[in-house]
Amino acid sequence: MPRPTPAGLYTSGLLLLTAATGSIDAVSYLALDGVFTGNMTGNVLFMAFALVGVSGIPLLNNAFALAGFTVGSVVGGRLVRRGHPVGLPVRSGWVLGVGAAVIFALVGAWAAIGELSSVGQIAITALLAALMGAQVAAVKPVGNTEITTIVVTSTLANVTRESRLGGGQQTPSQWRHRCFAVISMGAGAAVGAAMLRLADGPVALAVSGVVFTAGVAVLLVARADQRRSARLAREAAAQTTEQVVPEPSTRTPATAR
């Protein structure tokens, strides 16, 4: 079986993070009073509904989720910065690793508290949303624009608009990545909802954290393989240069007559 390429590993890691977003969104929506932590489109709509008096929609929770996502994205962008070559920068690895730790810290806090108050729900919602915002900034340098890890609306629009039926010319690779992103989000949401039915919020969030951590681990493996491949390529190029360039002659030139 051929070894996965760094590009393939990066794709797999992004798909796992997409599934984790779906799972975390299922937990936040179903167990944290109807709020998304990754899908900000839904939260903007919910806030608009609440502002015009639609009952049963929490305005404050959605507002804190939106604010948390914004802050997380800003902080993640400042930490990761720009101008990196395609891949996973060291700072991105740290941001994602801290994010995984935050998820499990919230699992422990939720399990210890038990039934969450309104303040507790808002706090966990805001922190999870900040994590989702930071995740987007962290994976941006990977460069795969087909898998955004947090939203599938534009992905679904691209896979249909750029299909042959839509008059487009998307490549087989683009088609696969886009379709798998949509499937991953749905699969993650199904897992999160199923865990809520079988157990409770902390357990469902813990499972989401496992999926998130798996995605981070795969991205780190991809980064290590990419660096290894680049090092081997440099060494091969150096050896080729040494073989092409002749060594300086040590012979003494003949004395002119």
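Two residues count as in contact when heavy atoms of theirs lie within 4.5 Å. Everything below is from a predicted model, where local features need pLDDT of at least 70 and side-chain atom pairs count only at pLDDT 80 or more, while totals for chains, interfaces and linings use all residues. Residues are numbered from 1 along each chain as its sequence is written, and side-chain values use heavy atoms, with hydrogens and water left out.

**View 1. T37, a buried loop residue, and its contacts.** T37 sits in the loop between helix 1 and helix 2; helices here are DSSP runs (H or I, at least four residues), numbered from the N terminus. Because its relative accessibility is 0%, T37 counts as buried (buried means under 20% relative accessible area, exposed over 50%, partly exposed in between, with a 1.4 Å probe and protein chains only). Leaving out residues up to four places away in sequence, T37 touches I24, D25, S28, F69, T125, L128, A129 and M132.

**View 2. L128 and the largest nonpolar core.** L128 turns up again here, this time as one of the core residues that touch the most other members, along with L96, L205, F212 and L219; the core has 42 residues. Helix 1 (6-31), helix 3 (59-80), helix 4 (90-113), helix 5 (118-139), helix 7 (172-198) and helix 8 (201-244) each chip in at least two residues. A nonpolar core, for the record, is a set of buried Ala, Val, Leu, Ile, Met, Phe, Trp, Tyr and Cys residues joined through side-chain atoms within 4.5 Å. In soluble globular proteins, nonpolar side chains tend to be buried together. With residues up to four places away in sequence set aside, L128 touches I24, L32, T37, L106 and L205.

**View 3. Helix 4, end to end.** What should the 24 residues of helix 4 span at 1.5 Å a residue? The expected figure is 34 Å, and the end C-alpha atoms are 35 Å apart, which agrees (the expected span is 1.5 Å times one less than the number of residues). Buried positions in helix 4 are S92, G93, V95, L96, G99, A100, I103, L106, V107 and W110. An α-helix has 3.6 residues a turn, so residues three or four places apart point the same way. After helix 4 comes G114, with a positive phi near 85°. Confidence in the protein is highest in helix 4, at a mean of 95, and lowest in helix 6 (residues 153-161), at 85; the score is pLDDT, the predictor's confidence in each residue, from 0 to 100. For the protein, the mean pLDDT is 89, with 93% of residues reaching 70 or more.

**View 4. S92 and its polar partner.** S92 belongs to helix 4 and, at 0% relative accessibility, counts as buried. A polar atom of the S92 side chain lies 2.7 Å from the backbone oxygen of A138. Neighbours within four places in sequence aside, S92 is in contact with V80, A138 and P141.

**View 5. The aromatic cluster around F46.** Y29, F36, F46 and F49 make up one aromatic cluster. Y29 and F36 form a stacked pair, 5.0 Å centre to centre with 20° between the planes; rings of Phe, Tyr and Trp (its six-membered ring) pair if their centres lie within 6.5 Å, and planes under 30 degrees apart count as stacked, over 60 as edge-to-face and the rest as tilted. The whole structure has 4 aromatic pairs. Y29 counts as partly exposed because its relative accessibility is 35%, whereas F36, at 18%, counts as buried. F46 lies in helix 2 (residues 40-51) and is buried too, at 17%. F46 touches Y29, G34, F36, I57 and N62, not counting residues up to four places away in sequence. F46 and N62 are 16 residues apart along the chain, yet their C-alpha atoms are separated by 7.1 Å.

**View 6. Two positive-phi loop residues, D33 and T149.** Most residues other than glycine have a negative phi, and most peptide bonds are trans. D33 goes the other way, with phi near 70°, and follows helix 1. D33 is in the loop between helix 1 and helix 2 and is partly exposed, with a relative accessible area of 39%. T149 also has a positive phi, near 75°, in the loop between helix 5 and helix 6. Is T149 buried or exposed? T149 is buried, with a relative accessible area of 2%.

Conventions. A polar contact is a pair of N or O atoms within 3.5 Å; within protein, one must be able to donate a hydrogen and the other to accept it, and residues adjacent in sequence count only if both atoms are side-chain atoms.
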